[in-house]
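Subject: Structure for your review

Dear colleague,

Please find the structure below, together with its sequence. I would be glad if you read the notes underneath with the model open beside you.

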Amino acid sequence: MTDMHIRTALPGDDDALARLDRATWSTLHAVQPRPEPPYEPFFNDRFGPHDHLVAELEGRLVGYVKLGFPTPLAVNAHVRQIQGFVVAEDVRGTGVGRRLLRAAMDEARRQGAVRLTLRVLGHNTPARKLYEAEGFVIEGVLPGEFLLDGAYVDDVLMGRPL
């Protein structure tokens, strides 16, 4: 995918990212209920465009990763956390997710972070395999933390040094 590029999100990306989020919603990775109208804006007071890296392919946004702080504590400011990660279904398996993940690691380093963490649902095998291939290791598991589609699902905590 040589014509794909990663960039920081812009305020005008709000609608496209919101539509991408709704189109990819699944209990494979979401613990919130399916979004229903009226839809909230994608960007908000907590996470704005500067907190998102987007993958753009032929003028279309096909993925994003949201980087944030795991806590507001100064003693934890050296860590960044992936707090959202989506790839459009029609481009999954083409390297978009891997490139977004690597860009997130680069951005976290640029911000001075020395660790990157994330949480992933235990049954999300494709995401877990990607994270493991990129150096993330399981650092903890909260067994049965979520009840999704009538089944208890683990919350898997992963991290890696930068």
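The notes below cover the nonpolar core and then the salt bridges.

This is a predicted model, in which local features need pLDDT of at least 70 and side-chain atom pairs count only at pLDDT 80 or more, whereas totals for chains, interfaces and linings use all residues. Residues are numbered from 1 along each chain as its sequence is written, and side-chain values use heavy atoms, with hydrogens and water left out.

The largest nonpolar core (buried Ala, Val, Leu, Ile, Met, Phe, Trp, Tyr and Cys residues joined through side-chain atoms within 4.5 Å) has 39 residues, and Leu 17, Ile 82, Phe 85, Val 96, Leu 101, Tyr 131 and Phe 136 touch the most other members. Helix H2 (96–110) is among the elements that give two or more residues to this core, and H2 gives the most, with seven residues; helices and strands here are DSSP runs (H or I, at least four residues; E, at least two), numbered from the N terminus.

There are 10 salt bridges in the structure, each being a side-chain nitrogen of Lys or Arg within 4 Å of a carboxyl oxygen of Asp or Glu. Arg 98 and Glu 134 form one of them, with their closest N and O atoms 2.5 Å apart, and this pair links distant parts of the chain, 36 residues apart, with Glu 134 in the loop between H3 and strand S6 (137–148) and Arg 98 in helix H2. Glu 134 is buried at 8% relative accessibility, while Arg 98 is partly exposed at 33% (buried means under 20% relative accessible area, exposed over 50%, partly exposed in between, with a 1.4 Å probe and protein chains only).

Best regards
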